[in-house]
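Biologist: Hi! I'm new to this one, so could you show it to me and walk me through a few spots?

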Amino acid sequence: MSQYSNDLQRGLKNRHIQMIALGGAIGTGLFYGSAGAIQMGGPSVILAYLIGGAVIFLIMRMLGEMSVDEPVSGSFSYYANKYWGGFAGFLSGWNYWFNYILVSMVELTAVGVYINYWWPNIPHWLSALIFLVIITLANLVNVKIYGEFEFWFAIIKVAAIIGMIILGFVIIFSGIGGHATGFSNLWSHGGFMPNGLWEFLLSLTVIMFSFGGIELIGITAGEADNPNNSIPKAINQVMWRILIFYVGSLAVMMIIFPWDKVGMEGSPFVEIFAKMGIPAAATILNIVVLTAALSVYNSGIYSNARMLYGLAQQGNAPKVFLRLSKSGTPIIGILVSSFLTLITVILNYLLPGKVFMYLLSVAVIAAVISWTTIIITNLKFHKAKAKTGEAIKFKTPWHPYSNYFCLAFMAMTVFLMTQIEDMRMAVYVLPVWLVVLWIGYTIKMSLIKKSKNVNKSQVV
C-alpha cells in the first residue's frame with residue numbers, strides 16, 4: 001500500500017474559506033506598498049482603491065461563476081484549459097504559480113522591514129529565512145492546519161484594522177490628549193489630488209498589487225466541503241471587505257495625518273501612529289502587519305502547491321506533483337515552492353533595501369496576466385454554456401460589458417507601468433515570460449507526440 005493519498009482532502013470549512021478570502025486580500029500591498037501609492041496620489045489614493053477594488057470584484061465574480069459550476073483544484077488554470085485551450089491552461093497555471101512565488105518573496109522581504117522596527121540590526125535575509133522554515137513546516141502537516149493558521153491570522157488582521165478605524169474616528173472627532181484633527185488633511189496639503197490626475201492614475205498600478213492573491217478563493221474550491229455555498233458567500237463579501245478594510249483604513253489614515261509626511265521606512269500604518277505619539281498603537285500595528293505578511297506567505301505556499309497539483313492533473317506539470325502525503329497535502333509542491341522562495345533570502349542579502357519594488361512590479365505584471373486569463377476564459381465559459389443551454393448558477397453582473405471594461409483596465413495598467421521607472425523593467429519582462437511559457441508548452445507537446453509515436457511503434 002502506498003504511503004501517499006490519491007486525493008486532496010476537503011478539510012476547509014466555511015469559516016476557513018471566508019478568512020482565506022481575507023488573508024489573500026489583506027497583506028503587504030496594503031500595509032506597506034500603500035506608502036508608494038500615497039506618495040503618488042495623496043489623499044486621492046482613497047478613490048484609487050475604490051476604483052481598483054470595483055474592477056477586482058467583477059473579476060472575482062467571473063471566477064466565482066466557474067468555481068461554483070465546477071469546484072476543482074487548479075481553479076482558473078483548469079477552466080482556461082477546458083474552455084480556451086491547452087496553451088491557455090498551461091500559461092494560466094504556470095503564470096499563477098510564478099506570480100505567487102513572487103508574492104511570497106515580496107511578503108518575506110517585508111517581514112525583514114517589520115522586524116527591523118524592533119531590532120534594526122537584524123538583516124532582512126535572516127528574518128526571511130526563519131519565517132520561511134516555520135510556515136513551510138505548518139503547510140506540510142495538513143490542510144486543516146493551514147486553514148486554522150489562516151483563520152487566526154485573518155482574525156488578527158480584521159480586529160486590528162477595525163480597531164485602527166475606531167481609534168482613527170476618536171482622533172478625528174475628539175482627539176487623544178489634543179485637538180480633534182477634523183477632515184482638513186484631505187485637502188489642506190496641496191488638495192485632494194495634489195500631484196494631478198496623471199499621478200493619481202499611476203498610483204493605480206501600485207494599488208493593484210494590494211489585490212493580488214484575492215483570487216485564492218477560487219483555488220480553495222477543490223478543498224471546500226460545501227463550495228456551492230461557501231464560494232459565492234466569500235466572493236459576494238469581497239466588495240464589503242474592500243470598502244471597510246482598504247478604503248476605510250486608508251481614508252482614516254489620510255484624514256488623521258498629512259499625506260506628504262508618510263515615508264517609505266516602514267508600514268505607513270505604523271509610521272503614522274508612531275509619529276502621532278501613540279507608541280502602543282504603533283507597536284500593536286507592527287505586530288499586525290507582520291502577521292499579515294506571514295498570512296499572505298502562508299497562502300502563497302498553499303496556493304502554489306495546489307496549482308502545481310492541478311497542473312500535474314492536466315498533464316502540464318511533472319506527475320511527481322500529484323504525490324500527496326498521508327494527510328492529503330501535496331508535499332512535493334509545497335517543498336519545491338518553498339525552496340524557490342529561498343531566492344528571496346539571497347536577493348535580500350545581495351540587494352538589501354532594493355528588492356521590494358523590483359519584486360512588486362514583476363508580481364503586478366504576473367497578476368495582470370492571471371486576471372486577464374480569468375476575464376477571457378469567463379467569456380468563453382459563457383459561450384460554451386450558451387451552446388449547451390446550461391444555466392449559470394452564480395452570474396457576473398453586466399456580462400459581457402463588465403468583461404470588456406476589466407480588459408481595458410488591465411491594458412491601461414500595463415501602459416501606466418511603462419511610465420514608472422521602477423516598474424518599466426517588469427513590462428519588458430512580460431513578452432520574455434510569455435515566450436518562455438510558449439517554449440515550455442511546445443516542448444511538452446512534442447514530448448507527448450513522441451511518446452504516442454513510440455507507443456504506436458510498439459503496438460505494430
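Modeller: Happy to; we can go through some helix contacts, a pocket and a loop. Keep in mind that this is a predicted model.

Biologist: How do people usually describe two packed helices?

Modeller: Two packed helices are described by the angle between their axes and by the distance between those axes.

Biologist: Good. At what angle do α6 and α16 cross?

Modeller: Helix α6 covers residues 86-118 and helix α16 covers residues 343-350; their axes cross at roughly 50 degrees and come within 9 Å. The two helices are therefore oblique to each other.

Biologist: Is that crossing left-handed or right-handed?

Modeller: The crossing of α6 and α16 is right-handed.

Biologist: And which residues meet there?

Modeller: From α6 you have Met105, Leu108 and Thr109, and they meet Ile343, Thr344 and Asn348 from α16. Sorted by type, the residues of this contact are three nonpolar and three polar, with no charged ones.

Biologist: What about α6 and α7, how do their axes sit?

Modeller: Helix α7 runs over residues 124-141. The axes of α6 and α7 come within 8 Å and cross at roughly 115 degrees. The crossing of α6 with α7 is right-handed.

Biologist: Who makes that contact?

Modeller: On the α6 side it is Leu108, Thr109, Val111, Gly112, Val113, Ile115 and Asn116. On the α7 side it is His124, Ser127, Ala128, Phe131 and Leu132. The contact of α6 with α7 divides into seven nonpolar and five polar residues, and no charged ones.

Biologist: So what do α7 and α16 do with each other, in terms of angle?

Modeller: The axes of α7 and α16 cross at roughly 170 degrees and come within 8 Å. That angle is over 145 degrees, so α7 and α16 count as roughly antiparallel.

Biologist: Which residues hold that contact?

Modeller: His124, Trp125, Ala128 and Leu129 of α7 make the contact with Val345, Asn348 and Tyr349 of α16. Five of the residues in the contact of α7 with α16 are nonpolar, two are polar and no residue is charged.

Biologist: Changing topic: how much space is in the largest pocket?

Modeller: The largest pocket holds about 250 Å³ of space. There are 15 residues lining the largest pocket, and the closest to its centre are Leu91, Ile369, Thr372, Thr373 and Leu434.

Biologist: Which elements give two or more residues to that lining?

Modeller: Those are α6, α17 (355-388), α18 (401-417) and α19 (421-459). The most comes from α17, which gives six residues to the lining of the largest pocket.

Biologist: How does the lining divide by residue type?

Modeller: The lining of the largest pocket has 13 nonpolar residues, two polar ones and no charged ones.

Biologist: Since α18 came up, where does Val414 lie and what does Val414 touch?

Modeller: Val414 lies in helix α18. Leaving out residues up to four places away in sequence, Val414 touches Ile365, Val368 and Val427. Val414 and Val368 are 46 residues apart along the chain, and their C-alpha atoms are separated by 7.9 Å.

Biologist: Last stop, the loop between α17 and α18: which residues are found there?

Modeller: Two to look at there are Trp398 and Pro400. The peptide bond from His399 to Pro400 is cis, with omega near 0 degrees.

Biologist: And what is phi of Trp398?

Modeller: Phi of Trp398 is near 60 degrees, a positive value in a residue other than glycine.

Biologist: Thanks, that gives me a good start!

Terms used: Residues are numbered from 1 along each chain as its sequence is written. This is a predicted model: local features need pLDDT of at least 70, side-chain atom pairs count only at pLDDT 80 or more; totals for chains, interfaces and linings use all residues. Side-chain values use heavy atoms; hydrogens and water are left out. Axes are lines fitted to C-alpha atoms, for helices over the stretch in contact, and angles run from 0 to 180 degrees between N-to-C directions. Helices (H or I, at least four residues) and strands (E, at least two) are DSSP runs, numbered from the N terminus. Angles under 35 degrees count as roughly parallel, over 145 as roughly antiparallel, 65 to 115 as roughly perpendicular and the rest as oblique. A crossing is left-handed if the near helix is turned anticlockwise from the far one by less than a right angle, and right-handed if clockwise. Contact means heavy atoms within 4.5 Å. Ala, Val, Leu, Ile, Met, Phe, Trp, Tyr, Cys and Pro count as nonpolar, Asp, Glu, Lys and Arg as charged, and the others, Gly among them, as polar. On a 1 Å grid over the protein atoms alone, a cavity is a set of points where a 1.4 Å probe fits but cannot get out, and a pocket is an open set with protein on both sides within 12 Å along at least five of seven lines; lining residues have an atom within 4 Å of a point. Grid points are joined across faces, edges and corners, and a volume is the space filled by probe spheres set on the points.
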